[in-house]
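Subject: Structure for you to look at

Hi,

Here is the structure I promised to pass on. Have it open while you read, and I'll walk you through what turned up.

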Amino acid sequence: MGGVLAPITFPFCDVENFCVRDLAWDPLGKVTVVDKTMRLMVVSDLDGSLLDHDDYSFDPVLPVLDRMDEAGIPLIVNTSKTRAEWLALRGELGNLEPFIVENGSAIYDGGEVQTFGVSRVEILESLKSLRSKFKFKGYSDVGVPEIMQWTGLERQSAERSADRHFSEPLVWQDSLEKEEEFCELVKERGLTTLRGGRFLHVLGQTDKGKPLEHLRKENVAIISLGDRPNDLAMLEAADIGVVIKAPGDYILEAVDMLRSTETGPRGWAEMMTQILDQFQIPYSTINNG
Ligand SMILES: [Mg+2]
């Protein structure tokens, strides 16, 4: 459940020592400045944005992350993935900042968790009454081998993907009309659905934008980057929203956003480099070759 949301304490995130700059650049006219100095915070999607869809590589963003690190600009990952999945990945980036999981369902900050969604136990309980009316199969109905088949993930990755706390992915086995009816009934139960590729996700009434209001601090401009419809709420809640180009013909419809010309982490690096240049953030002293 939502619960009482105390301000997050950022044990790992040295918010007070952000780079302080005169605000010289506000491309979308959305930044609210109180005293003409501005600190920056980056909140980013993972898959297809920071992380390459195909080779699961972060390489193009590493020099930019070094630059942000030295300037004290935190990177907060906002992913549809689970906590276990991000914990397995984040070592590669040396990232210890708070992070948002399962499509805006919770922020983990050190040992603390703030939830915006609904517990999976409650979601599964709500789904019980719909099982006689509709044909679907969820993660909770099957073992790891079947999840490996569904997702194409290897065992360990499939286990991390199954380690869910705030959402349930379903494989829909009924008609399209039935799916619409199902989504309505899910809504009546105080939950929401999200179509993502092969799964229909059931989660609490949250989205990737909701936790941003919780991260907001005075004089901190939030830059958000994402590539898909589930990122829209986050991009809209940010001061500077950046659409990362998706491969192929797909174009994310969004207004008042910056857009990368390259895809995935290359597009991420392209846009963050431009933004950091505009804010006159020095280049990293680490030679990344
Ligand atoms: Mg994405």
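To start with, which residue in S13 does Val243 stand opposite? The partner across the way is Arg259. Before going on, keep in mind that this is a predicted model.

Now for the strands around that pair. S12 covers residues 240-245, and S13 covers residues 258-263. The two run parallel and are joined by 3 bridges. S12 also pairs with S11 (residues 220-226), again in the parallel sense, over 4 bridges. If you want a spot to find on screen, look for Ser224, whose bridge partner in S12 is Gly241.

How do you get from S11 to S12? Helix H8, residues 232-237, belongs with them: S11, H8 and S12 make a right-handed β-α-β unit.

Is S12 mostly covered or mostly open? It is mostly covered, with 6 of its 6 residues buried. Try turning the strand over to check both faces. On one side you'll see Ile240, Val242 and Ile244, and on the other Gly241, Val243 and Lys245, all of them buried. Yes, that list includes a lysine, Lys245.

Next, jump to another sheet. This one is open, has 4 strands in the order S7-S8-S10-S9, and its pairing is antiparallel. S7 (136-138) and S9 (191-196) each have a single partner strand, so they stand at the edges and one side of each has no neighbour in the sheet. On average, neighbouring strands here are turned by 30 degrees against each other, ignoring direction. At the S7 end, S7 pairs with S8 (residues 167-172) over 3 antiparallel bridges, and Lys137 has Val171 in S8 as its bridge partner. Helix H6 (residues 176-188) packs on this sheet and touches S8, S9 and S10 (199-204). The direction of H6 makes about 145 degrees with that of S9.

Last stop: two helices. H4 (residues 144-151) and H5 (residues 155-162) pack with their axes 9 Å apart, at an angle of about 100 degrees. Because of that angle, H4 counts as roughly perpendicular to H5. From H4, the contact is made by Val144, Ile147, Met148 and Thr151, while H5 brings Arg155, Ala158, Glu159, Ser161 and Ala162. Sorted by class, that contact has 5 nonpolar, 2 polar and 2 charged residues.

Have fun clicking around!

Cheers

Notes. Residues are numbered from 1 along each chain as its sequence is written. This is a predicted model: local features need pLDDT of at least 70, side-chain atom pairs count only at pLDDT 80 or more; totals for chains, interfaces and linings use all residues. A residue is buried if 20 or more other C-beta atoms lie within 10 Å of its own, exposed if 12 or fewer, and partly exposed in between; C-beta atoms are placed from the backbone. Two strands pair if DSSP finds at least two bridges between them. A crossover is right-handed if, with the strands pointing away from the viewer, the path from the first strand over the helix to the second runs clockwise. Axes are lines fitted to C-alpha atoms, for helices over the stretch in contact, and angles run from 0 to 180 degrees between N-to-C directions. Angles under 35 degrees count as roughly parallel, over 145 as roughly antiparallel, 65 to 115 as roughly perpendicular and the rest as oblique. Two residues are in contact if their C-beta atoms, placed from the backbone, lie within 7 Å. Ala, Val, Leu, Ile, Met, Phe, Trp, Tyr, Cys and Pro count as nonpolar, Asp, Glu, Lys and Arg as charged, and the others, Gly among them, as polar.
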